[in-house]
Amino acid sequence: MSRIGKSPVTIPEGVTVEHKDGVVTVKGKLGELKQEIKDIDVKIEDNVITFERSSEKSDQKAKHGLYRALVNNMIEGVTNGYTKELELVGVGYRASNQGNKLDLAVGYSHNIVIDLAPEVKVETVSEKGKNPIVKLTSHDKQLVGQVAAKIRSFRAPEPYKGKGIKFVGEQLRRKAGKSA
């Protein structure tokens, strides 16, 4: 039995959860999210959501914990939201934003301009003597993670000097340079 799938999800104040035609809809103060659920029974009663599977097949066992985690992330997102912070490490690396347009200068001959989804809010912090930081905020955990990974892929950190775009707090595996 899935330990994650067995544990119930409590619905906090100000959040409404509906289950219709295999789609779970979660509404809260920060927004609305939907997730399609197949092969798993969802029961909502007394501000508690429980997930049950009908058989012991391996695909249903996997989906049992997966859907419980996805719905829990949706509830957490519409109440508190999610934030990812990226740090630009390198000489001359800069970031700026105009609304939801992110402009990155990360060592190429041209700047990289990204139009972000309207659900994702972006903020750039540039202080003198410190690396620029890009803060991404959204109520959708999957979307904010996907956008952060896309931004990181433009200049992934290299192992010798650590230059590139990395997550704040990320530990890089460093290598020694050539020994003279």
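Which residues of strand β4 make up its covered face, and which its uncovered one? The covered face holds L33 and Q35, while E32, K34 and E36 sit on the uncovered face. Keep in mind that this is a predicted model.

## The chain as a whole

Let's step back from that strand for a moment. The chain has 13 strands and three helices. Its radius of gyration is 21 Å, well over the 16 Å that the globule rule gives for 180 residues, so the chain is more spread out than a compact globule. You can see this from another angle in the C-alpha trace, which spans about 65 × 40 × 25 Å along its principal axes.

How much of it is tucked away? Of the 180 residues, 34% count as buried. About 11300 Å² of the chain is exposed, and 47% of that comes from carbon and sulfur atoms. As for who touches whom, take the contacts with a separation of 6 or more: residues 24 or more positions apart account for 51% of them.

## A hairpin: β3 and β4

Back to β4, which covers residues 32-36. Strand β4 pairs with β3 (residues 23-27) in the antiparallel sense, and five bridges hold the pairing. One spot to look for is T25, which stands opposite K34 in β4. That same K34 belongs to the uncovered face of the strand.

Together β3 and β4 form a hairpin, with four residues between the two strands. In the turn you'll find G31, with a positive phi of about 160°.

## A three-stranded open sheet

Further along, three strands build an open sheet in the order β8-β9-β10, with antiparallel pairing. Strands β8 (94-98) and β10 (112-115) stand at the edges with a single partner strand each, so one side of each is left without a neighbour in the sheet. On average, neighbouring strands here are turned by 20° against each other, direction ignored.

Strand β9 takes in residues 101-105 and is joined to β10 by four bridges, the two running antiparallel. If you want one pair to trace by eye, try K101 and its bridge partner in β10, D115.

## Charged pairs

Side chains of opposite charge can pair when their charged atoms come close. This structure holds nine salt bridges.

One of them brings together the side chains of E85 and K135, at 3.9 Å from N to O. E85 lies in strand β7 (residues 82-89) and K135 in strand β12 (residues 133-138), so the pair ties together parts that are 50 residues apart in sequence. Both ends are partly exposed: E85 has a relative accessibility of 28%, and K135 has a relative accessible area of 27%.

Another salt bridge joins E56 and K61, whose side chains meet at 4.0 Å, N to O. E56 is exposed, with a relative accessible area of 53%, whereas K61 counts as partly exposed at 38%. This pair also has company, as R53, E56 and K61 are linked in a network of salt bridges.

Then there is E127, which forms a salt bridge with K130, their closest N and O atoms being 3.7 Å apart. E127 is partly exposed, with a relative accessible area of 44%, and K130 is exposed, with 56%.

Methods: Residues numbered from 1 in each chain as written. Predicted model: local features only at pLDDT ≥ 70, side-chain atom pairs only at ≥ 80, totals over all residues. Heavy atoms only, no water. Pairing = 2+ DSSP bridges. Axes fitted to C-alpha atoms, helices over the stretch in contact; angles between N-to-C directions. Buried < 20%, exposed > 50% of the residue type's maximum accessible area, 1.4 Å probe, protein only. Rg over C-alpha atoms; globule rule 2.2 N^0.38 Å. Contact = heavy atoms within 4.5 Å. Areas by Shrake-Rupley, 256 points an atom, 1.4 Å probe, with all protein chains shown as cover.
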